[in-house]
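Student: Please zoom in on one part for me, the interface, and take it slowly. I'd like the cut-offs spelled out as you go.

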Amino acid sequence: MMERPEMKAATQRKAVPAASLPSGRLRLLVGAALLVAALLGLGLWASLSGGGEGLRTNLAERSLPPSWGHPLGTDWLGRDMLVRTVQGLWLSLQVGLLASLAGTAIAAAAGLSAALLGRTADRIVSWLMDLFLSLPHLVTLILIAFVCGGGLRGVLIGVALTHWPSLARLIRAEAMQLRSADYVAVSRSLGKSRVWIMTRHLLPHLLPQLLTGCLLLFPHAILHEAAITFIGLGLPPDQPAIGVILSESMRYLNAGLWWLAVFPGVALLLLVGAFDRLGHAASALLDPGRSQQ
Amino acid sequence: MEKLSADIQDGRRRGAGAEAAQSASGGEGIKGGWGLYLLGKALRLILLLAAVSAVTFTLVSHSPVDPVRAYIGADILRVGPEQQAQIAAYWGLDEPPLERFFRWVGALLSGDLGTSMIYREPVADVIAERFASSALLMAAAWLLSGALGFSAGIAAAMAHGRWPDRLIRRCCYLLASTPPFWLALLLLTVFGVALGWFPIGLAAPAGMAAEEVGWLDRLRHMALPALTLSVVGIAPVALHTRQKLLEVLASDHALYARSRGERGWALLRRHGLRAVALPALSLQLAGFSELFGGAVLAEQVFSYPGLGQATVQAGLRGDVPLLMGLVLGSALFVFAGNLLADLSYRLVDPRLRERSRTS
């Protein structure tokens, strides 16, 4: 018996989605894998080309518009803008990762203590949250950068300190719910300490929320790092940061060197946008109401 | 915007009606509820400002940036240690931090914020003067982004699932990831440098006395920073409005209206608009913090002499009194936004008033 080919194709087409993950998850996984691969490649390239060929000043080739030899053009010292941009992105990634991890750690500590260490701790934490939410992020960033005397430390501390309250609020609410779970009550009646319950029971349970929170924090961290560097209070001018590239480009816009500002900004936008989408997809996955879409 | 204010008016009327019904049925008087509410808010504000100033002062006094050096600037080699000590004594920097803090608070309570080191003017004057130009900029951007975002959100929700919806959503995601200062650079390059439509900086043409600057010139200089700020602010309002309107359109009363044959604009106007206008308004009000942050960046790019630029300069050049004043000022600004958002809800939603009265 021969089956008609188009029928076979039809049954196959039907069978595939049923057997595999729902398409939203699949897309997310593929997107995440591609992103990570692209970023690893980026990092490899950045570290291979670091200080070498592309960043050498070449006064014969300065201020060239985009061409095949230099896809993003060259700057006023003849440095290749593609290499500079990639290095800037790599630096942004590293700083953003560190800052958002630090912010997540603060949020986890604050949220869990607020939920578990009694009313006083809860009050103190909410008061701190209100305090940090009462200032515009950029003002806090400028203040902390000033206090640290500028530089990487100021950026990391500033970004970590400005972004924890919203995640901490979420973690606190989740931990409050978990606190009354049966297994936590049993654990408590067995005489386990609060810290033990916190680290052994609640933290593993909250890990997905923390990871998504970290992922959602990441694009903001990158944007704020670039912003504070751009206004001159972040990473020092000798670093190949996107903020530095863009703030230097301001002096040459009048001379018509538009490619100095446009392409590094597009690259930053793509990086931030990709992580933003990924974060939202991941949080939709965690939300039981939306995870099956 | 007229629509929005009309909604608030309407809300107030409805709110007042509910209040009257409440007091008639034996509840507390209207005055008591509002008085307590405002008293609580004022108390919160005082506590907040006290905390912000204490924390800021502690932080600033641990900064490695030496205010005397920052004050002298490039002339540091020509100023001897004795003179430096004199300057420190003049600013009161040789006293212990705690004493300085209480002196500063004492002066603050009498309305004196100190003297800015870089502008050599009282901090209060610097802030007042710059707030005027920043406020103009932020107000324009606030209105424009609110109107655009609100309309975009409604358009997206009305076309739910079709291409306009997808397009608007994509644009919003894109805008949400756009670095504001880069957008400013882009607008500057396109409209300022390439097309030459707008001037590329400052609040007025250079070399012109302040009285001669007409409002048209001011407007031209404000256009690009305001446009930057508005574009940055569109995405949150649009996405929020879209979400809210979708919820409203999926509700029972909208379904009932549909079953009676109401469609499109009439359905939106009668059943949707009022329900989504208030959330959008309060989101915009609560977004004062983002607005200020955006203004810092936009003003920096366009050298627009506003509060944001002053904040950056204060941070870069170590002007501690100005920085402290600006921190307090921005806290006040954000608080005002949140208070207005809260008030707008209370005016409309009697349940919120109930809760605060019973607790």
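**Where chain B meets chain A**

Tutor: UniProt, in an unreviewed entry, puts the feature "domain: ABC transmembrane type-1" at residues 89-279 of chain A (positions follow the numbering used here, feature names are shortened, and annotations may be inferred rather than shown by experiment). Bear in mind that this is a predicted model, where local features need pLDDT of at least 70 and side-chain atom pairs count only at pLDDT 80 or more, while totals for chains, interfaces and linings use all residues, and side-chain values use heavy atoms, with hydrogens and water left out. Residues are numbered from 1 along each chain as its sequence is written, with chains lettered from A and ligands numbered from 1 in the order they are written.

That stretch of chain A is 83% helix and 0% strand, with its end C-alpha atoms 19 Å apart (helices are DSSP runs of H or I of at least four residues, strands E runs of at least two, both numbered from the N terminus). Over in chain B there are 15 helices and zero strands. The same kind of unreviewed UniProt record marks "transmembrane region" in chain B at several spans, including 42-60 and 222-239. Residues 42-60 of chain B are 100% helix with ends 26 Å apart, C-alpha to C-alpha, and residues 222-239 of chain B are also 100% helix, with ends 27 Å apart.

Now the contact itself. It draws 45 residues from chain B and 39 from chain A (contact is heavy atoms within 4.5 Å). About 3600 Å² is buried between the two chains, and carbon and sulfur atoms give 80% of that; buried area is the accessible area, with a 1.4 Å probe, that two parts lose on being put together, summed over both. Ser177(B), Phe181(B) and Trp182(B) supply 17% of what chain B buries against chain A, more than any other three residues.

On the polar side, the rule finds one salt bridge across the interface (a side-chain nitrogen of Lys or Arg within 4 Å of a carboxyl oxygen of Asp or Glu). Arg44(B) pairs with Asp130(A) in a salt bridge, the closest N and O atoms sitting 3.1 Å apart. Helices of chain B that each bring at least two residues to the side touching chain A include H2 (30-61), H7 (163-176), H8 (180-194) and H13 (307-317). That side of chain B splits into 30 nonpolar, 13 polar and two charged residues; Ala, Val, Leu, Ile, Met, Phe, Trp, Tyr, Cys and Pro count as nonpolar, Asp, Glu, Lys and Arg as charged, and the others, Gly among them, as polar.

For a single residue, try Thr311(B), which sits in helix H13 of chain B. Thr311(B) is buried, at 1% relative accessible area (buried is under 20%, exposed over 50%, partly exposed in between, with a 1.4 Å probe and protein chains only). Leaving out residues up to four places away in sequence, Thr311(B) touches Ile142(A) as well as Phe292(B), Leu323(B) and Leu326(B).

From the other chain, look at helix H9 (residues 242-249) of chain A, where seven of eight residues are buried. Among those buried are Ile242(A), Val244(A), Leu246(A) and Glu248(A). Their cover includes H3 (81-116), H8 (194-230) and H10 (259-286) of chain A, together with H8 of chain B.
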